[in-house]
Amino acid sequence: MLISQGFAMLFLLRSSTAEECPEKCKCKSSFQRVEINCSFRGLREIPFIPETATELYLHDNLLTTVAPGTFGKLPNLRTISLHNNRWDCDCHIAYLHQWLQHPSAAVHPNVTCFTPTAIKLKPVTELRGNEYTGCWSHHLYPCRNMYPGSIILCLLYLLLLILMTCSFTNIKSKAYIFTPSNEFQISRKSEKINLLTEIELMDESPGDDLENFLFSESMEILPQILHTLNTKCNIKIKEH
């Protein structure tokens with residue numbers, strides 16, 4: 001009875017594996033072992049892999065990246081091969097790099113970069129993030145797939161932008177009002193009557209004399225304005 005049940009379970013396992021076997025791949029199954037061999041198939045992307053897979057062979061293909069979460073959907077995976085592919089080590093390789101740091105399965109060695117040329121044959125596990133080029137012109141993955149160093153750099157840029165915005169706002173919000181000194185106000189009050197009298201007299205004289213008189217009166221306030229600009233705005237203007 002037990003033997004017949006074991007054969008029945010094995011038959012169901014083999015039939016389900018055959019139905020879920022990815023196109024272009026070869027699949028084998030036995031008791032507690034499901035092998036999916038997709039090597040040497042010219043694959044440019046990883047096909048759908050059933051979660052029952054325990055061994056996955058993806059070496060010697062044209063793979064350039066791994067979609068985030070791909071290997072997290074394979075809880076039974078024990079062995080995987082990823083070498084001899086064309087891994088593009090830009091920001092799209094972040095998920096594979098992080099997964100290889102703490103893999104949930106035994107990984108065959110020699111998972112190396114194919115591009116860019118400057119880091120060709122460099123192990124993906126040795127990437128630090130600063131080797132990435134052209135990341136900003138491509139679609140960015142969510143922040144959880146970025147390196148901590150990249151996140152810190154983004155935060156520093158954001159902080160700098162905020163500080164610059166606050167600085168410009170403060171500059172625009174500051175307004176310095178020229179206020180004559182008390183002595184200047186008293187002297188102007190004492191001269192007000194004389195000024196009105198002189199202006200009335202100037203009305204009977206030619207227009208040029210009146211214009212010269214008003215100009216000379218305006219020049220008397222110029223030192224006060226220059227002093228305010230120098231002390232409050234740190235602006236120095238030379239008189240000629």
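This briefing describes the confidence, the architecture, the disulfides and the ring contacts of one protein chain.

The structure is a predicted model. The chain has 240 residues, of which 25% count as buried. Its secondary structure comprises six helices and seven strands. Three disulfides are present, and a search of the whole structure yields two aromatic pairs.

**Confidence of the model**

- The average pLDDT of the chain is 74, and 57% of the residues reach a score of at least 70.
- Residues 1-16 form a stretch with pLDDT below 50, and this stretch makes seven contacts in the model beyond near neighbours in sequence.
- Residues 137-145 also have a pLDDT below 50, with 12 contacts in the model beyond near neighbours in sequence.

**Overall architecture**

- Read from the N terminus, the order of the elements is α-β-β-β-β-β-α-β-β-α-α-α-α.
- Helix α1 spans 2-20 and strand β1 spans 26-30, while β2 covers 33-37.
- Strand β3 occupies 55-57 and β4 occupies 79-81; helix α2 consists of residues 94-101.
- Strand β5 covers 87-88, and strand β7 is made of residues 113-115.
- Of the contacts in the chain between residues at least 6 apart in sequence, 46% connect residues at least 24 apart.
- The chain has an accessible surface of about 17,100 Å², and carbon and sulfur atoms account for 61% of this surface.

**Disulfide pattern**

- With bonded cysteines counted along the chain, the disulfides are arranged as 1-3, 2-4, 5-6.
- In general terms, a disulfide is a covalent bond between the sulfur atoms of two cysteines.

**The disulfide of Cys21 and Cys27**

- Cys21 is bonded to Cys27, with an S to S distance of 2.0 Å.
- This disulfide is right-handed, because the torsion about the S-S bond of Cys21 and Cys27 is about 90 degrees.
- Cys21 is partly exposed, at 23% relative accessibility, and Cys27 is also partly exposed, at 24% relative accessible area.

**The disulfide of Cys25 and Cys38**

- Cys25 is bonded to Cys38, with an S to S distance of 2.0 Å.
- The link of Cys25 and Cys38 is right-handed, with 110 degrees about the S-S bond.
- Cys25 belongs to the loop between α1 and β1, and Cys38 to the loop between β2 and β3, so this pair ties together parts of the chain that are 13 residues apart in sequence.
- Cys25 and Cys38 are both buried.

**The disulfide of Cys89 and Cys113**

- The sulfur atoms of Cys89 and Cys113 lie 1.9 Å apart and form a disulfide.
- The torsion about the S-S bond of Cys89 and Cys113 is about -95 degrees, so this disulfide is left-handed.
- Cys89 is located in the loop between β5 and α2, and Cys113 in strand β7, so the pair ties together parts that are 24 residues apart in sequence.
- Cys89 is buried, at 0% relative accessible area, and Cys113 is buried as well, at 2%.

**A further cysteine**

- Cys91 is buried, and its relative accessible area is 14%.

**Aromatic cluster**

- Phe71, Tyr95 and Trp99 together make up one aromatic cluster.
- Phe71 and Tyr95 are paired in a tilted arrangement, with 6.4 Å between the centres and 35 degrees between the planes.
- Phe71 is in the loop between β3 and β4, and Tyr95 is in helix α2, so their pair ties together parts that are 24 residues apart in sequence.
- Both Phe71 and Tyr95 are buried.
- Phe71 also pairs with Trp99 in a tilted arrangement, at 4.6 Å centre to centre and 50 degrees between the planes.
- The pair of Phe71 and Trp99 links distant parts of the chain, 28 residues apart: the loop between β3 and β4 holds Phe71, and helix α2 holds Trp99.
- Trp99 is buried, as is Phe71.

**A charge over a ring**

- The charged end of Lys120 sits over the ring of Phe114, and its distance from the ring centre is 4.7 Å.
- Phe114 falls within strand β7, which covers residues 113-115.

Conventions
Residues numbered from 1 in each chain as written. Predicted model: local features only at pLDDT ≥ 70, side-chain atom pairs only at ≥ 80, totals over all residues. Heavy atoms only, no water. pLDDT = per-residue confidence, 0-100. Contact = heavy atoms within 4.5 Å. Phe/Tyr/Trp six-rings, centres within 6.5 Å; stacked < 30°, edge-to-face > 60°. Helix = DSSP H or I, 4+ residues; strand = E, 2+ residues; numbered from the N terminus. Buried < 20%, exposed > 50% of the residue type's maximum accessible area, 1.4 Å probe, protein only. Lys NZ or Arg CZ within 6 Å of the ring centre and 35° of its normal. Areas by Shrake-Rupley, 256 points an atom, 1.4 Å probe, with all protein chains shown as cover. Disulfide = S-S within 2.5 Å.
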